[in-house]
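Work through the exercises below with the sequence and the model side by side. Try each task before reading its solution.

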Amino acid sequence: MTTYPRNFSHIGLSVPDLDAAVTFYTEVFGWYTMMEPSPVYNDDTAIGQMCRDVFGNDWEEFRIAHLSTGDKIGIELFEFPQNEEPDNNFEYWKTGIFHFCVQDPDIEGLVEKIIAHGGKQRMPIREYYPDDKPFKMVYVEDPFGNIFEIYTHSYEMTYSAGAY
């Protein structure tokens, strides 16, 4: 089998309030709602079976919504009935995903919008290559505790030598 670069399809985020999360991500980022918040039941439907395969049999129902970014990346939002807020939502030293990144050339404007909608700015906006390239980044947090980064330029532009 030939190895080639696979595309990124989607990410799943667990949130305590699905309706509020859909509102946040559609109003702040302008993401498209592909499927409105809907219940998923532990039953014999195709989705019920798939979720039983993933989560086991010890659940009755949860809610899910599907969003899409401007570049067609999916965002699955999950609301589980017994959701728990972690004591520390930024345990970056533990194995696993600790952030994702979105891109916006108006990084300052997006940070202001995130804060206005209940999110947090976790650090000052920083430049990757001061006096060389106008590439900026910042870590922020949504109102539900999910941490993400914002870049002003693409990942490839940011890290490729001579790309600017």
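The exercises go from the overall fold to salt bridges, a loop residue and a surface patch.

This is a predicted model, with residues numbered from 1 along each chain as its sequence is written. Local features need pLDDT of at least 70, side-chain atom pairs count only at pLDDT 80 or more, totals for chains, interfaces and linings use all residues, and side-chain values use heavy atoms, with hydrogens and water left out.

**Exercise 1. Fold**

Give the number of helices and strands, and their pattern along the sequence.

Solution. Step 1: count the DSSP runs (helices are H or I, at least four residues; strands are E, at least two; both numbered from the N terminus). The protein has 4 helices and 9 strands. Step 2: read them in sequence order. The pattern is β-α-β-α-β-β-β-α-β-β-β-β-α. Step 3: turn to contacts (heavy atoms within 4.5 Å). Among contacts between residues at least 6 apart in sequence, 57% join residues at least 24 apart.

**Exercise 2. Salt bridges**

Find the salt-bridge partners of R52 and K136, and state how accessible each residue is.

Solution. Step 1: apply the criterion (a side-chain nitrogen of Lys or Arg within 4 Å of a carboxyl oxygen of Asp or Glu). The structure holds 7 such bridges. Step 2: take R52. Its partner is D44, with the closest N and O atoms 3.4 Å apart. Step 3: classify by relative accessible area (buried under 20%, exposed over 50%, partly exposed in between; 1.4 Å probe, protein chains only). R52 is buried at 17%, whereas D44 is exposed at 74%. Step 4: take K136. Its side chain meets that of E108 at 2.8 Å, N to O. K136 lies in strand 8 (residues 133-141) and E108 in helix 3 (residues 107-116), so this pair ties together parts 28 residues apart in sequence. K136 is partly exposed at 23%, and E108 is partly exposed at 33%.

**Exercise 3. A loop residue**

Is T69 buried or exposed, and which residues does T69 touch?

Solution. Step 1: locate T69. It sits in the loop between strand 3 (61-68) and strand 4. Step 2: check its accessibility. T69 is buried, with a relative accessible area of 9%. Step 3: list its contacts, leaving out residues up to four places away in sequence. T69 touches W31, Y32 and I75.

**Exercise 4. A surface patch**

Which residues make the nonpolar surface patch of about 360 Å²?

Solution. Step 1: apply the patch rule (residues with over 30% relative accessible area and no salt bridge; like charges joined within 9 Å, nonpolar side chains, Val, Leu, Ile, Met, Phe, Trp, Tyr, within 5 Å). Areas come from the Shrake-Rupley method with a 1.4 Å probe; for residues, only the protein chains shown count as cover. Step 2: name the members. They are Y92, W93 and F98. Step 3: place F98. This residue is in the loop between strand 4 (74-79) and strand 5 (100-103), and is partly exposed at 34%.
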